[in-house]
Amino acid sequence: MKRSALVTGASRGIGRACAIALAREGWPVCVNYLERRDAAESLVSSLRSQGFAAMAFQADVADRKAVARMVRAVSETMGPVELLVNNAGISHQGLFQDMDDELWNRILAVNLTGARNAVQAVLPHMLSEKRGAVINVSSIWGLRGGSCEVAYSCSKAAVIGLTRSLALELAPSGIRVNCVAPGCIETDMVRALGEETRAMLVEETPLGRLGTPEDIANVIAFLASDRAAFVTGQVVSADGGFIV
Ligand code: NAP
């Protein structure tokens, strides 16, 4: 049976670890990226050298037509997408009062509309086969408020709404929709905050460390697998106890 997994934003960080984990679980994987072609292609070469099927595809998830083109290309090359991980995301720190239209719209376009675009592109096949799984990547900041991260928090809370509503709508079609809410994870996104903030986040995390991308990839691989066949509409936090 030919089928494949699409991980958006898989050139770096959590998406990269997720693509590796899914390849190890036997999924042919598409590594989507926005700009870092070098990183995406090096991941694909590494996966292929280990005997896994993989391809890279550039597409801005906020661009509905580009996402549709990507899903068509993946289906033709590796098999129809039966697992979608909506991981691509951007963040921004700043006062709400200073946020202009451009930034507000871009954060929502990538983090929320990007997931919508990808789900709508993969759904026709999933609906016709009555099988498939979608995993959305939210954040602890979608579960509780994030000062100076209002747009990001809104987009990540909306991803939880998307997960729960879609899970109900798609359950009769045998399609599962779940969500992972990572805590503070050691990636470029958190490194960009600087050493002082990073240390503060470690301090605030009961397990006393930042998470690794693999900590999140393991949860995603579980939710993608048949071991989670009866799990849908859930938000699984992997945050070292940040929100208890
Ligand atoms: P990251 O290290 O900044 O990597 C972001 C990835 O998304 C890159 O592969 C990037 O591609 C891709 N990307 C960005 N905009 C895109 C777009 N418009 N279209 C397609 N791809 C795009 O981020 P991360 O920390 O791994 O975060 C991954 C996800 O986890 C995000 O949704 C984030 O909000 C969420 N999250 C992260 C943390 C954390 O602490 N790190 C915590 C909670 C939730 P290029 O390499 O080509 O730029």
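Which residues lie nearest the centre of the largest pocket? They are Gly89, Ile90, Ser91, Thr187 and Met189. Keep in mind, as you look around, that this is a predicted model.

## The largest pocket

Let's start with the pocket itself. Its volume is about 1100 Å³, and 49 residues line it. Several elements give two or more residues to this lining: α1 (13-24), β2 (29-33), α4, α6, α7 (188-191) and α8 (195-204). Of these, α8 gives the most, with 4 residues.

What classes of residue make up the lining of the largest pocket? There are 22 nonpolar residues, 17 polar ones and 10 charged ones.

## Around the ligand

Next comes the ligand, which has 33 residues around it. Those that come nearest are Ser11, Glu35, Asn87, Tyr152 and Thr187. You have met Thr187 already, as one of the residues nearest the centre of the largest pocket.

Some contacts with the ligand involve the protein backbone. A backbone N or O atom of Arg36 is 2.7 Å from an oxygen atom of the ligand. For Ile14, a polar backbone atom lies 2.8 Å from a ligand oxygen. Gly183 also has a polar backbone atom beside a ligand oxygen, here at 3.4 Å.

## The second largest pocket

There is another pocket to visit. The second largest pocket holds about 270 Å³ of space. Its lining has 14 residues, and Arg3, Trp27, Arg176, Ala224 and Asp226 are the ones nearest its centre. By class, this lining divides into 6 charged, 5 nonpolar and 3 polar residues.

## A cavity inside

Rolling a probe the size of a water molecule over the atoms shows where empty space is left. How many cavities of 30 Å³ or more does the structure hold? The number is 1, and the largest cavity has a volume of about 50 Å³.

The residues that line the largest cavity are Thr8, Val61, Asn86, Ala88, Val110, Asn111, Gly114, Ala115, Val137 and Lys156. They divide into 5 nonpolar, 4 polar and 1 charged. Helix α4 (residues 101-129) gives the most to this lining, with 4 residues.

## Asn111, a residue to follow

Asn111 is one of the residues lining the largest cavity, and its place is in helix α4. Is Asn111 buried or exposed? At 3% relative accessibility, Asn111 counts as buried, because the cut-off for buried is under 20%.

Beyond its neighbours within four places in sequence, Asn111 is in contact with Ala88, Gly89, Ile90, Tyr152, Ser155, Lys156 and Val159. Among these contacts, Ile90 has its backbone oxygen 2.9 Å from a polar atom of the Asn111 side chain. Several of the names are familiar by now: Gly89 and Ile90 are among the residues nearest the centre of the largest pocket, Tyr152 is among those nearest the ligand, and Ala88 and Lys156 help to line the largest cavity.

## Its contact Ser155

Where is Ser155? Ser155 sits in helix α6 (residues 150-170). With a relative accessible area of 0%, Ser155 is buried.

Which residues does Ser155 touch, not counting those up to four places away in sequence? They are Ile107, Leu108 and Asn111. The link between Ser155 and Asn111 therefore joins a residue of helix α6 to a residue of helix α4, and both residues count as buried.

Technical notes
Residues numbered from 1 in each chain as written. Predicted model: local features only at pLDDT ≥ 70, side-chain atom pairs only at ≥ 80, totals over all residues. Heavy atoms only, no water. Buried < 20%, exposed > 50% of the residue type's maximum accessible area, 1.4 Å probe, protein only. Contact = heavy atoms within 4.5 Å. 1 Å grid on protein atoms, 1.4 Å probe; cavity = no way out; pocket = protein on both sides within 12 Å on 5 of 7 lines; lining within 4 Å. Points joined across faces, edges and corners; volume = space filled by probe spheres on them. Nonpolar A, V, L, I, M, F, W, Y, C, P; charged D, E, K, R; others polar. Near = heavy atom within 4 Å. Polar contact = N/O pair within 3.5 Å; in protein donor to acceptor, adjacent residues only side chain to side chain.
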